[in-house]
Amino acid sequence: MKAALVFAGPTAATATFRPYRSRAFIGALADAGIDVVLIDLDLETEQRFATVPAERPGLVSYRNHVDRLPLILAQERLALVQTFGATAELGPVWRHAARTRTPLVHFVSSEGGIVDRPAGGARLLTGLGRGDRGFMQWRTRHASRHVAGVLGSNRADMGRHFRNGFFPRSRFSIVAPPASARPPAAVSPAVVERRKIPVFGFYDPEATPETLELLLRAVALTGQSDLFTLRIAPRALAGVVSLPSAVSAVEAADADAFLREVDVLVVPRADDRAVVPVLAALSARKSVIVPDTGALTEIVDYGRRGLLYTAGSAYHLAIAINVMAQAWGNRPFSFEGVEEAIGRTTPEALARVFAATWRRLA
Amino acid sequence: MSQIDPVFGLIVIGRGDPRLARATIAASRTWRHPPARVVLAVPKGREHVFANVAPPGQTVSTVAAAEPEMLAAAVASLAGEVDLVLATPEGVVLDPAWLAGLRDHVILYEDSIAGVDLVPAVVKIDTEAGGASFDLAVADRPREPRLLSRLRGAIRARSLMGAVLWARIETLRQIKLATTGEGGDAVSFMLALDQLRERGRTTVRPTQHGCHVRLLPERRTGFDAGYGLYRRLEQLADARRSAAAVGGPSTSHIDLDLERLRLMAEQMLRSVLGKAGRHNAATFLKGALAARRDALAVRRTVVRDLRELR
């Protein structure tokens, strides 16, 4: 079976989608009997985005404009087209791919996904002027009718798309967890040190000032000074926002090294990129506090392996921190099934899910 | 990956009439894939009323809990045994086609985690005409025209409509499942959906593959029901305003303003144009208006107190 992996638009070049063009993933697909053709489509003709090439011998790859897609698909005689990228940028891709009548599968990720309409916002004609909700979104949604199957890294982002009317003719949807570049180093639970006062940690080299401010606002809202301590890493984050005295910035080479020094990992962001430190924390049997949306919720099994809070709310994050700190001696969480959850994010496991999905269509 | 053959668990929320609960449970026997477990959730202290509710050959386990915790207790009793939980108040009779459609949906769409199916069709059974034995035999009774149920679905308040909540049971962890008194089940279910909305796809839709059984004539005064239901909606609107101030969930499956409007409009029509239920509708309306008056008075008092604090 021959399938095309189409990466379209600047969003598809981000770190979120790199695991799906990695040598391990494409190699695992080949092992599953799939011949892969890699197609990079630059939707912005002026600037070409830089993608990391999958360095696999014998891999056929194209880099072209979107209007050449039908030609490439006809030439390669593909059984299926799998698209990656921001939903808003994929309308032309779906339209052009549909001309060859090749079955289309789209991968929904937290990166470039559709967000829900805020409550009490403008409706009807007044809303048409806005860029994110206007005519372009309507056109993209109309083009999404060509998509015959939907894969996604999590139920929440897929649900947002379906709720907003995308993929009306999709025959099925499959959840494949977000890919982790490499499995986290296993740490024996026996070496986990138990402290009287928990040390909360935050690790995110790509943290934005908004993310940090949400975390610091939540820490301030807890109203506690001696119930826990907070460390953030890497140290460069101290320059992004001014840290209060109770919060210390420490240097850490990677998530595994940082997690040796903390007891609880706090995750203020809900996208797929936060998966790596969360998997590392669960692997090291450290507690986690994660937002109640996206792939993280599924990795902690809807609260069985960690504490959830309403995404984006500093108030609810503060409550979660207080609950975790106060229940420190008797946390009602189980680490059962952690290894299985981690195993589902490996490239081999993902390739199996993708291949099985494609075979349903082709 | 979801299960190829999901295991269902049925929760029937029993409140007052064992005949209605029995009709709901008996309908599940006709399903092509019958539920692995049937749980009857009843208010604590009322177990004796529902003692003989199980149809012959069917096992029903009873869970008795305080009124607001009935659904949560029933779900907890099913955890680990089923994949999909179906919860419905007594009197909602679901056809085999409904379960077949739901089964196909959850197998095909893994992102879909929960939903509320509203049942606008009503089967009215006159208890005075001798047609209401312990076994109501709903399947043998004539159904009303589909156009009439569609019209009712468009205008009727969701609080008074029959409803079914279905959800993948593993997604219900750390979700508050509260039930209220008689009526208001659909609203309670939709509040659960609001919490689940951030976890996956949730849907609210009407279904024609079922009916809501109502026993007539209704001789009770509707004042308490109207007061309780309207007060609950007012409290929810207040809670939503408070949640918005601290960044709570911003969108909802239920529009509380529209719901209150529908509630008042329907009862007004029933009290003017209705036949046997005119007295019930009029007293229901009086109760709702009293609740509205009280809510406004409380709000005025709070505003005045806050102003005096400055």
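These legends go with a set of close-up views of a predicted two-chain model.

The model is predicted, so local features are included only at pLDDT of at least 70 and side-chain atom pairs only at pLDDT 80 or more, while totals for chains, interfaces and linings use all residues. Residues are numbered from 1 along each chain as its sequence is written, chains are lettered from A and ligands numbered from 1 in the order in which they are written.

**View 1. Chain A at a glance.**
Chain A has 13 helices and 13 strands. Here helices (H or I, at least four residues) and strands (E, at least two) are DSSP runs, numbered from the N terminus. Of its 362 residues, 48% count as buried. Buried means that 20 or more other C-beta atoms lie within 10 Å of a residue's own; exposed means 12 or fewer, partly exposed is in between, and C-beta atoms are placed from the backbone. Take the contacts in chain A between residues at least 6 apart in sequence: 71% of them join residues at least 24 apart. A contact is scored when the C-beta atoms of two residues, placed from the backbone, lie within 7 Å.

**View 2. The two domains of chain A.**
The domain assignment splits chain A into domain 1 (2-179 + 346-361) and domain 2 (189-343); such bounds come from an automatic or database domain assignment. Where they meet, domain 1 of chain A supplies 14 residues and domain 2 of chain A supplies 12. Helix α6(A) gives the largest share of the domain 1 side, three residues. That side sorts into five nonpolar, six polar and three charged residues. For the classes, Ala, Val, Leu, Ile, Met, Phe, Trp, Tyr, Cys and Pro count as nonpolar, Asp, Glu, Lys and Arg as charged, and the others, Gly among them, as polar.

**View 3. The seven-stranded sheet of chain A.**
Follow the strands across this open sheet and you read β3-β2-β1-β4-β5-β6-β7 (chain A), with parallel pairing. Strands pair when DSSP finds at least two bridges between them. β3 (60-64) and β7 of chain A sit at the edges with a single partner strand each, so one side of each has no neighbour in the sheet. On average, neighbouring strands of this sheet are turned by 20 degrees against each other, direction ignored.

**View 4. Strand β6(A) and its partners.**
Six of the six residues of strand β6 (residues 147-152) of chain A are buried, leaving the strand mostly covered. β6(A) pairs in the parallel sense with strand β5 (residues 104-108) of chain A over five bridges, and with strand β7 (residues 173-175) of chain A over three. G152(A) is a handy residue to find: it is the bridge partner of V108(A), and V175(A) is its bridge partner in β7(A). With helix α6 (residues 155-163) of chain A between them, β6(A) and β7(A) make a right-handed β-α-β unit. Right-handed means that, with the strands pointing away from the viewer, the path from the first strand over the helix to the second runs clockwise.

**View 5. The six-stranded sheet of chain A.**
This second open sheet has the order β10-β9-β8-β11-β12-β13 (chain A), with parallel pairing. Its edges are β10 (247-249) and β13 (307-309) of chain A, each with a single partner strand, so one side of each is left without a neighbour in the sheet. The twist averages 25 degrees from one strand to the next. Strand β9 (residues 229-233) of chain A runs parallel to β10(A), joined by three bridges; L230(A) has V247(A) as its bridge partner in β10(A). Helix α9(A) packs on the sheet, touching β8, β11 and β12 of chain A, and its direction makes about 150 degrees with that of β12(A). Helix α11 (residues 314-326) of chain A also packs on the sheet, touching β8, β11, β12 and β13 of chain A, at about 160 degrees to the direction of β13(A). Axes are lines fitted to C-alpha atoms, for helices over the stretch in contact, and angles run from 0 to 180 degrees between N-to-C directions.

**View 6. Helix α9(A), tucked in.**
Nine of the nine residues of helix α9 (residues 275-283) of chain A are buried, so the helix is largely enclosed by the rest of the structure. V275(A), P277(A) and L282(A) are among them. Just after α9(A), R285(A) takes a positive phi of about 60 degrees.

**View 7. Where chain B meets chain A.**
The contact takes 21 residues from chain B and 29 residues from chain A. On the chain B side, six are nonpolar, eight polar and seven charged.
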